[in-house]
Amino acid sequence: MLYKDKRPLIVFIVPSLIILGIFLYYPFIQNIINSFYEISGLAALGGGKYIGIENYKRMFADPGIHQSLKNTLYMMFFAVFFQVGIALVLALMVDSITRGAQFFRTVFFFPVVISATAIGLMFNLFYSYNGGLFNQILLKLGLERVLWLSDELAIYMVSLPVIWQYVGFYFVIILTGLNGIPQDIFEYALLDGVTGVKKTWYISLPLIWDVIKVCLILAITGSLKVFDLPWVVAPNGAPKGLTHFLGTYMYFKTFISQSVGYGAAISVLIVVLGLVVSFTVNKVFKRDTIVY
Amino acid sequence: MNKSSIAFEKQIRKTRFTTVISKIIIYFVLCIWAFTTVYTLFWVVNNSFKDKTVILTDSFSLAVKPILDNYETAFNKLNIGRAYLNSFIISGSTVVLVMVFSGLTAYAMTRYTFRLKNTLYLMFAGSLLFPAFSTIVPIFRMVLQLNLVSHPLGVIIPQTASNLSFAIIVLMGFMSNLPLELEEAAFMEGCNVFDIFFRIILPISKPAFATVAIFTFLWSYNDLFMQMVILRKRETYPICTLLNEISSQFGTDFGLMASAVTIVVLPVLIVYLFLQKNIVKGLTAGAIKG
């Protein structure tokens, strides 16, 4: 009876819907429409010229997009194996100790809180050829200095801070999952003589499988959205566009080259890839959820 | 003592030995990772107190005689104070707007039954998949038409929109678990829906609102993409946009860069140390839903 009268709904829901409608759903759809037009110049109002799927065809011939797609796939690979991988190892380790666990939690998580821009600046200081942290260490060790952002190394060096920053994020998620496993399961396991690596492999991992799956999906779709860090460490895909990711390339095409329609098509590609990847990971890693 | 018990003893000693060894390895690995996060930051902070020429040759020594030149330059020449203010105006307003609208909507979504409710929920959940890249151009054009380019509102409104869905979903998760009895009792006492919302739901939901506020604030404060696109005048730059520009202009002045990073990171770090539990919860809320 309290919620029989539906009139207050107008006050409760309509404001949110207006904001979302104007600044999220409309732009999203307009952007898809834009991807079928040739629009030169951001400020050019009006639709531009309808060109059908030309923008999408253009992607096949554009080496820039191949490079950024390749880099994005690299980033996904790094994210799965290093971000989630390292996080999993660290979480299992912290879960097995009692002293200092809280300290490690605090210290591992804090890069997540810092803005990617600041971390990018920090890594610029590390990579600098003259007097950067890495080269100073090499000099101390009596080695030659290295040009860290060279053509061959740049993509790894740009990925490194992204990976490093978010390990703590997945670490906390996995650790929370591990803490959720009821202790008596381990006690039974101990009675059966299951300890150490076996315990981890046969009991802990299957029980947190869902959590790991969530981490993988977040890490992979997160790789599609990287922008801030690469942009600060290697602006505009430096050197020679070799470190462009889909996000930075989209920015470059839209706001610097001013091919707005083509940029829109790239952003549609990002959305589609995100959907495809999430569904695939869900399918590939589908297992029966263990209820405990 | 028979044979089997001796073997047992041996076994125990062996396991003890391996546990000690594995403990050592575990702590060693954990400390290495902790070193990468703590020392890197320490290196930056430490060097921000040195002269830029000293850093180039000797960056590992402790800044025994700290100098504040870099900070003076940062505040006077780069006007970091102004950027701070801009950041707080933008992120603070975004947080308030997100909390108000998401609170109202989440409450209605968990209490009322109406047609299209499920469709609405799917729309909220679906919009979490929209990356900023896929909405930025139409948003920029609208902001341009509204004459809000380089105006804080030009960033605040789109940022509110992009955090709203997530906030609604987090709050719905919390509010749907609140018992209805309290509200019914209040209704019997003559409260209307709005009294109930402001006097009962809001106070009980404080922890969920804290999560939403923290998430939204950090997201907005750390966002570079949208701010870069919409804010085009230097005096309107928030922290991140300014940092980005510093790195391209003064990239070789290590002292200045180090002090800029320190100025930006330190407040966040201090807040993090105090509100750690809430912040961790806020940032991982999306992942461990349910």
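Modeller: Before we start, helices (H or I, at least four residues) and strands (E, at least two) are DSSP runs, numbered from the N terminus. This is a predicted model, where local features need pLDDT of at least 70, side-chain atom pairs count only at pLDDT 80 or more, and totals for chains, interfaces and linings use all residues. Residues are numbered from 1 along each chain as its sequence is written, while chains are lettered from A and ligands numbered from 1 in the order in which they are written.

Colleague: OK, what does the secondary structure of chain A come to?

Modeller: Chain A has 13 helices and two strands. Its C-alpha atoms fill a box of roughly 80 × 75 × 35 Å along the principal axes.

Colleague: And what percentage of chain A is buried?

Modeller: 43% of the 292 residues in chain A. Buried means 20 or more other C-beta atoms within 10 Å of the residue's own, exposed means 12 or fewer, and partly exposed is in between, with C-beta atoms placed from the backbone.

Colleague: How many residues of helix α8 of chain A are buried?

Modeller: Zero of the nine (residues 183-191), so α8 of chain A lies largely in the open. Just after that helix, A:G193 takes a positive phi of about 80°.

Colleague: Switching topic: how many residues does each chain put into the contact?

Modeller: Chain A gives 76 residues and chain B gives 77. Contact here means C-beta atoms, placed from the backbone, within 7 Å.

Colleague: Which element of chain A gives the largest share of the side touching chain B?

Modeller: Helix α1 (residues 9-34) of chain A, with 16 residues.

Methods
Two residues are in contact if their C-beta atoms, placed from the backbone, lie within 7 Å.
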